[in-house]
Amino acid sequence: DNSYYFYLLSELKKKPETLNESEQLLEKALKADENSSVLWAEKALIEARKSKWPEALKDAEKSLVKDPQSVDSLILLGKLHAAHDEPALAITYYKKALALDSVNEEAYTVMAREQVTLKDQNAAIQSLNQCLAVVPESMSCLYYLASLDLQAKKYPEALKTFETIRQLQPNNPQVLQTISEIYVQQKDYTQALDVLLELKQLSPGDVTSAIRLGLVYYELKEIDRSIEAFETISKAYPKSDRIHYYLGMLYEQ
């Protein structure tokens, strides 16, 4: 009972100014229950926050010894090796964790991150797709997969994933903005317009999207609406040279 009393007090580790006090409480807790996998893991986390990597690894390994089936301890060891610039070894631990818990979203995402570190983009995408096969609504895996496809300029693949995210988070302005940008990159201005109009209703004060809306109207040859969009922005930002430039160009046309 005492060990878990001290474990609860170890919440003090969340504040830098009480980190040492938290470590002292954990030491007392471990004396009361040295076979607790959770307590050894907590100790490793505190040492990692102090950049004591050898000690953190040692205690994380103790945590795993106390409970060889602990998925959390395996992921912790993976993260520590990743922080110590050992991505291949980190991936080994993540795979062991997934062998015990095949629906662990965190294990898939951190493994993909280290595969990217090793410049194995295909392996990272495969890991994230495996995650989505078992947890279709995993936001962490969806976001990471979409970002990787976007970085690789795989716009159709990125768009498909972002549209899935959109269904799960229909009122997320950042997602809508990204989708609109992908449509613009593909020169699909009609689709981009629909998304930007939706974004305008959701975030009427978003200047970046308002500018993009004006430019999309221009691409669609709807000059009057483009002017209207930029005049609205000009009222809010009367000293913007960029907006004045666009308006001058539009008035000329």
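A nonpolar core is taken here as a set of buried Ala, Val, Leu, Ile, Met, Phe, Trp, Tyr and Cys residues joined through side-chain atoms within 4.5 Å.

**Entry 1: the cores**

I worked throughout on a predicted model. I looked up the largest nonpolar core and found 56 residues in it. Leu80, Tyr94, Leu128, Phe162, Ile179 and Val216 have the most contacts inside this core. I then asked which helix gives the largest share of the core. Helix H5, residues 71-83, does so with seven residues. I also noted another core lying apart from this one, made of eight residues, including Ile227, Ile243, Leu247 and Leu250.

**Entry 2: Val216**

I followed up Val216, one of the residues with the most contacts inside the largest core. Setting aside residues up to four places away in sequence, I listed its partners as Val184, Tyr189, Ala192, Leu193 and Leu196.

**Entry 3: Ser127**

I turned to Ser127 and placed this residue in helix H8, which spans residues 121-134. Is Ser127 buried or exposed? Its relative accessible area is 3%, and the limit for buried is under 20%, so I recorded Ser127 as buried. I next looked for a polar partner of its side chain and found Gln115, the two side chains being joined by a polar contact of 2.8 Å. With neighbours within four places in sequence left aside, I found Ser127 in contact with Tyr108, Met111, Ala112 and Gln115. Gln115 therefore appears both in the contact list of Ser127 and as its polar partner, while Ser127 itself is buried.

**Entry 4: the largest pocket**

I read off a volume of about 340 Å³ for the largest pocket. Its lining has 19 residues, and Lys200, Ala210, Leu213, Ala229 and Thr232 lie nearest the centre. I asked which helices each supply at least two residues of this lining. They are helix H12 (189-202), helix H13 (207-219) and helix H14 (223-236). H14 gives the most, with six residues. By class, I counted 11 nonpolar, four polar and four charged residues in the lining.

**Entry 5: the second largest pocket**

For the second largest pocket I noted a volume of about 290 Å³. Ala41, Leu45, Asp72, Ser73 and Leu76 are the closest to its centre among the 14 residues that line this pocket. Helix H3 (37-49) and H5 each supply at least two residues of the lining. I recorded its residues as six nonpolar, four polar and four charged. H5 thus enters my notes twice: as a contributor to this lining and as the source of the largest share of the largest core.

How values were computed
Residues numbered from 1 in each chain as written. Predicted model: local features only at pLDDT ≥ 70, side-chain atom pairs only at ≥ 80, totals over all residues. Heavy atoms only, no water. Helix = DSSP H or I, 4+ residues; strand = E, 2+ residues; numbered from the N terminus. Buried < 20%, exposed > 50% of the residue type's maximum accessible area, 1.4 Å probe, protein only. Polar contact = N/O pair within 3.5 Å; in protein donor to acceptor, adjacent residues only side chain to side chain. Contact = heavy atoms within 4.5 Å. 1 Å grid on protein atoms, 1.4 Å probe; cavity = no way out; pocket = protein on both sides within 12 Å on 5 of 7 lines; lining within 4 Å. Points joined across faces, edges and corners; volume = space filled by probe spheres on them. Nonpolar A, V, L, I, M, F, W, Y, C, P; charged D, E, K, R; others polar.
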